[in-house]
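Please look through the model shown below, beginning with its helices and then turning to the charged side chains and the surface. The paragraphs that follow lead through these topics in that order.

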Amino acid sequence: MATVKRGNWTEERREVLKNLTGAEIDADIMRIQAENPDRGITAEAFREKMRRMEEAEAAARRAETVGA
């Protein structure tokens with residue numbers, strides 16, 4: 001049986017996302033919405049979701065720093 005290498009998905013995501021512009025993200029959202037009209041999310045909702053995720057990650061890092 002082959003061994004599957006498990007990477008750090010969070011770090012890989014950050015690496016990919018750091019080079020994207022807002023316009024590129026909006027274009028991808030619009031493309032995905034067009035391909036999946038029943039599963040759409042607005043660009044604003046996506047940005048809000050990403051903001052909340054980043055805040056949660058920052059809070060987790062702060063908690064690690066203080067030893068919580």
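In which helix do R31 and D28 both lie, and how many residues apart are they? Both residues belong to helix α2, which covers residues 22-35, and they are three residues apart, about one turn of the helix. The model in which this pair is found is a predicted one, and the pair is a convenient point of entry to the fold and to the charged contacts on it.

The secondary structure of the chain comes to three helices and zero strands, so that the pattern read along the sequence is α-α-α. Helix α1 takes in residues 9-17, helix α2 residues 22-35, and helix α3 residues 43-66. Where α2 and α3 pack, the angle is about 120° and the axes are 10 Å apart. That angle makes α2 oblique to α3, because the roughly perpendicular class ends at 115 degrees and the roughly antiparallel class applies only over 145. The crossing of these two helices, α2 and α3, is right-handed.

From the helices we can turn to the charged side chains. Side chains of opposite charge can pair when their charged atoms come close. The structure holds ten salt bridges, and one of them joins R31 to D28, with the closest N and O atoms 3.8 Å apart. This pair counts as a salt bridge because the cut-off between a side-chain nitrogen and a carboxyl oxygen is 4 Å. R31 has a relative accessible area of 40% and is therefore partly exposed, and D28, with a relative accessible area of 34%, is partly exposed too.

A salt bridge is also found in helix α1, where R14 pairs with E11 and the closest N and O atoms are 2.8 Å apart. R14 and E11 are three residues apart within α1, about one turn of the helix. R14 counts as partly exposed because its relative accessibility is 30%, and E11 is partly exposed with a relative accessible area of 43%. The charged contacts here extend beyond the pair, since E11, R13, R14 and E57 are linked in a network of salt bridges.

In helix α3, E48 forms a salt bridge with R52, the closest N and O atoms being 3.6 Å apart. E48 and R52 lie four residues apart in this helix, which is about one turn. With a relative accessibility of 29%, E48 counts as partly exposed, and R52, at 45% relative accessibility, likewise counts as partly exposed.

The surface also has a nonpolar side to consider. V16, L17 and L20 make a nonpolar surface patch of about 220 Å². V16 lies in helix α1, the helix that also holds the pair R14 and E11. How should V16 be classed, as buried or exposed? Its relative accessibility is 55%, so V16 counts as exposed, the threshold for that class being over 50%.

For the chain as a whole, 9% of the 68 residues count as buried. The accessible surface of the chain comes to about 6000 Å², and carbon and sulfur atoms account for 56% of that surface.

Notes:
Residues are numbered from 1 along each chain as its sequence is written. This is a predicted model: local features need pLDDT of at least 70, side-chain atom pairs count only at pLDDT 80 or more; totals for chains, interfaces and linings use all residues. Side-chain values use heavy atoms; hydrogens and water are left out. Patches are made of residues with over 30% relative accessible area and no salt bridge: like charges are joined within 9 Å, nonpolar side chains (Val, Leu, Ile, Met, Phe, Trp, Tyr) within 5 Å. Accessible areas come from the Shrake-Rupley method with a 1.4 Å probe; for residues, only the protein chains shown count as cover. Buried means under 20% relative accessible area, exposed over 50%, partly exposed in between (1.4 Å probe, protein chains only). Axes are lines fitted to C-alpha atoms, for helices over the stretch in contact, and angles run from 0 to 180 degrees between N-to-C directions. Angles under 35 degrees count as roughly parallel, over 145 as roughly antiparallel, 65 to 115 as roughly perpendicular and the rest as oblique. A crossing is left-handed if the near helix is turned anticlockwise from the far one by less than a right angle, and right-handed if clockwise.
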